[in-house]
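Colleague: I'm new to this one. Could you take me through it and tell me how each label is earned?

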Amino acid sequence: MDNHIKYKNLIDSLKGKDHIGILFVCLGNICRSPAAEGVMKAIVNDNDDSDRFEIDSAGTGNYHIGDLPDHRMRIHARRRGYELTHRCRQVTEADFDNFDLIIAMDESNRRNLQRIAPTVEAEKKIVMMADFADLATRYDHIPDPYYEGAEGFELVLDLLQSACANLYDALKN
Ligand code: 4NP
């Protein structure tokens, strides 16, 4: 909790803005980042704040382009009230112009994003999702559930719900 204090300047610079673009990024863009997108969209909708936010997700890999999220993630998310309809796409250099925050799920995603970032300024938009989660004392990343069982998907959703709620609180007017 409160690890995101290290992003204070970045978050403060966005707070007053009437348009905030958030891009969630993982490896495949079929499990963690489309789930984060669905959770965050639900939060801004519930707060009647969706006009202020543009929320999307992308992957550093290109294995699943055009696909819906993994069916296991869709099922676990649906049980919590989220319908995940995102179509997989790969991160591009242009994403660093189009979004204010680029949120990585793990250290490997962060390193890949740093390689894609076109400028040092652009690199400063990269933050870690787990830094916003209450459970960050135990998790410094959002663990890849792809080769895990049901509890891996549930853990991801627990972490994402916590992190997205705290991210929204940090950004709300
Ligand atoms: P994600 O999970 O990064 O959370 O979407 C993965 C999905 C697919 C693969 C790896 C991770 N894959 O190697 O195909």
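Modeller: Gladly. Let's start with Val39, which sits in helix α2; helices (H or I, at least four residues) and strands (E, at least two) are DSSP runs, numbered from the N terminus. Bear in mind that this is a predicted model, where local features need pLDDT of at least 70 and side-chain atom pairs count only at pLDDT 80 or more, while totals for chains, interfaces and linings use all residues. Residues are numbered from 1 along each chain as its sequence is written, and side-chain values use heavy atoms, with hydrogens and water left out.

Colleague: Why is Val39 called buried?

Modeller: Buried means under 20% relative accessible area, with exposed over 50% and partly exposed in between (1.4 Å probe, protein chains only). Val39 has 1%, so it counts as buried.

Colleague: And what does Val39 touch?

Modeller: Contact means heavy atoms within 4.5 Å. Leaving out residues up to four places away in sequence, Val39 touches Tyr82, Leu160, Gln161 and Cys164. Val39 and Ala163 are 124 residues apart in sequence, yet 9.7 Å apart in space, C-alpha to C-alpha.

Colleague: What makes α2 oblique to α7?

Modeller: The axes of α2 (residues 32–46) and α7 come within 9 Å and cross at roughly 45°. Axes are lines fitted to C-alpha atoms, for helices over the stretch in contact, and angles run from 0 to 180 degrees between N-to-C directions. Under 35 degrees is roughly parallel, over 145 roughly antiparallel, 65 to 115 roughly perpendicular, and the rest oblique. The crossing angle therefore makes α2 oblique to α7. The crossing is also right-handed, a word used if the near helix is turned clockwise from the far one by less than a right angle, with anticlockwise being left-handed.

Colleague: Which kinds of residue make up the contact of α2 with α7?

Modeller: They divide into 13 nonpolar, one polar and one charged. Here Ala, Val, Leu, Ile, Met, Phe, Trp, Tyr, Cys and Pro count as nonpolar, Asp, Glu, Lys and Arg as charged, and the others, Gly among them, as polar. On the α2 side you'll find Arg32, Val39 and Ile43, among others; the α7 side includes Leu157, Gln161 and Tyr168.

Colleague: How do you know which strands are at the edges of the sheet?

Modeller: Two strands pair if DSSP finds at least two bridges between them. The open sheet has four strands in the order β2-β1-β3-β4, with parallel pairing. β2 (53–59) and β4 (126–128) each pair on one side only, and they are the edge strands.

Colleague: How many bridges back up each pairing?

Modeller: β1 (residues 20–26) and β2 have seven, with Val25 bridged to Ala58. Four join β1 to β3, where Leu23 stands opposite Ile102. β3 and β4 have three, and there Ala104 stands opposite Met128.

Colleague: Why is β2 described as largely enclosed?

Modeller: Six of its seven residues are buried, so the rest of the structure largely encloses β2. In β3, Leu101 and Ile103 point one way and Ile102 and Ala104 the other, and all are buried.

Colleague: One last residue: why does Asp131 count as buried?

Modeller: Asp131 lies in the loop between β4 and α7. Its relative accessibility is 9%, so by the cut-off for that word it counts as buried. Not counting residues up to four places away in sequence, Asp131 touches Asn3, His4, Lys6 and Tyr7.
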